[in-house]
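Good morning. I will take a few minutes on one structure, so please have it open in front of you.

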Amino acid sequence: MIISSILGFLVGLTLGLTGAGGGILAVPALVIGVGLNMTSAAPIALIAVGLAALTGALDGFRRHLVRYKAAMLMAMTGGLISPFGVWLAKRLSEFWLMALFSAVMCVVALRMFNQARGSKTAPSTSDPEPIKACMISEQTGKFIWNQRSLSTMIGIGAVSGLLTGLLGVGGGFVIVPLLKRYTNLKMHSVVATSLLVIALVSAITVSNAFSSLTHLPSATWGFVGLVIAGMVAGRLAAPAIAPQYIQMGFALVCGLSACIVFINACQHII
């Protein structure tokens, strides 16, 4: 129970600080800490992460950090593409699928870590900001919507939905680095927007999973509560942490998750 409590809190804390890492860390945490098998752990992990993400998104709304139009667009696109990912997953070797995903996460982790290190030594805040596909207007403080920004958000949602369907994870891991790359959002806003997308995409699946909860151990409810508590702690701590350190934390979590995925992949060939 103590291990479960610690792991649950850490999962929520990670999700609150980085906007990602919840789902892929929650399943092994439930297996190790609660003693569930993978089949039983998956719906609990989804419920814990979905509710925690919703909690974080509501906090983001309170702080005016969430870009809700972009989040809804990405979530809708991801929801449409996700079934194709499920279909594709049934036709691919699980080992190569998970190994490839692990490699992608390693690349993302390295890029985010190097980007965070580079931001520490940025030449000058007076330098002109590079033009990206999705830009926030200085006059309105909102996204400048045009064909380029619209297609970019749809593309991010599609990639997220595809990976979610393939492996049941991938929302935050894809959304956070892509929003950072293709928008001029600050890291705190990227995290808050990612949390809303995760909450929206999880909503339908979470509601369906409630019907099976009567067969799950009562300890799992404590795990869900601690994930949410960790999320609250993460959101409270986030404003006090420099964005580059949050990016580094995301990179480290991404690298850790890549190792977990690869180890699980190797179990399929042993």
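I will go through the annotated spans, then one loop residue, then some aromatic rings.

Keep in mind that this is a predicted model. The UniProt entry, which is unreviewed, places the feature "transmembrane region" at residues 38–58, 70–89, 95–113, 152–175, 187–206, 218–238 and 244–266. Take two of those spans. Residues 70–89 are 100% helix, and their end C-alpha atoms lie 27 Å apart. Residues 244–266 are also 100% helix, with 33 Å between the end C-alpha atoms.

Now the loop between α3 (38–62) and α4 (68–89), where you will find His64. What is the phi of His64? The value is near 60 degrees, so it is positive in a residue that is not glycine. Most residues other than glycine have a negative phi. His64 is also exposed, because its relative accessible area is 70% and the cut-off is over 50%.

Last, the aromatic rings. The structure holds three aromatic pairs, and I will show two. One of them is Phe61 with Tyr68, a tilted pair at 6.4 Å centre to centre, with 35 degrees between the planes. Both are partly exposed: Phe61 has a relative accessible area of 35%, and Tyr68 has 42%.

Another is Phe84 with Trp87, which is stacked, at 5.6 Å centre to centre and 25 degrees between the planes. How far apart are Phe84 and Trp87 in helix α4? They are three residues apart, so about one helical turn separates them. Phe84 is partly exposed at 44% relative accessible area, and Trp87 is partly exposed at 42%.

That is where I will stop.

Terms used
Residues are numbered from 1 along each chain as its sequence is written. This is a predicted model: local features need pLDDT of at least 70, side-chain atom pairs count only at pLDDT 80 or more; totals for chains, interfaces and linings use all residues. Side-chain values use heavy atoms; hydrogens and water are left out. UniProt positions are given in the numbering used here, feature names are shortened, and annotations may be inferred rather than shown by experiment. Helices (H or I, at least four residues) and strands (E, at least two) are DSSP runs, numbered from the N terminus. Buried means under 20% relative accessible area, exposed over 50%, partly exposed in between (1.4 Å probe, protein chains only). Rings of Phe, Tyr and Trp (its six-membered ring) pair if their centres lie within 6.5 Å; planes under 30 degrees apart count as stacked, over 60 as edge-to-face and the rest as tilted.
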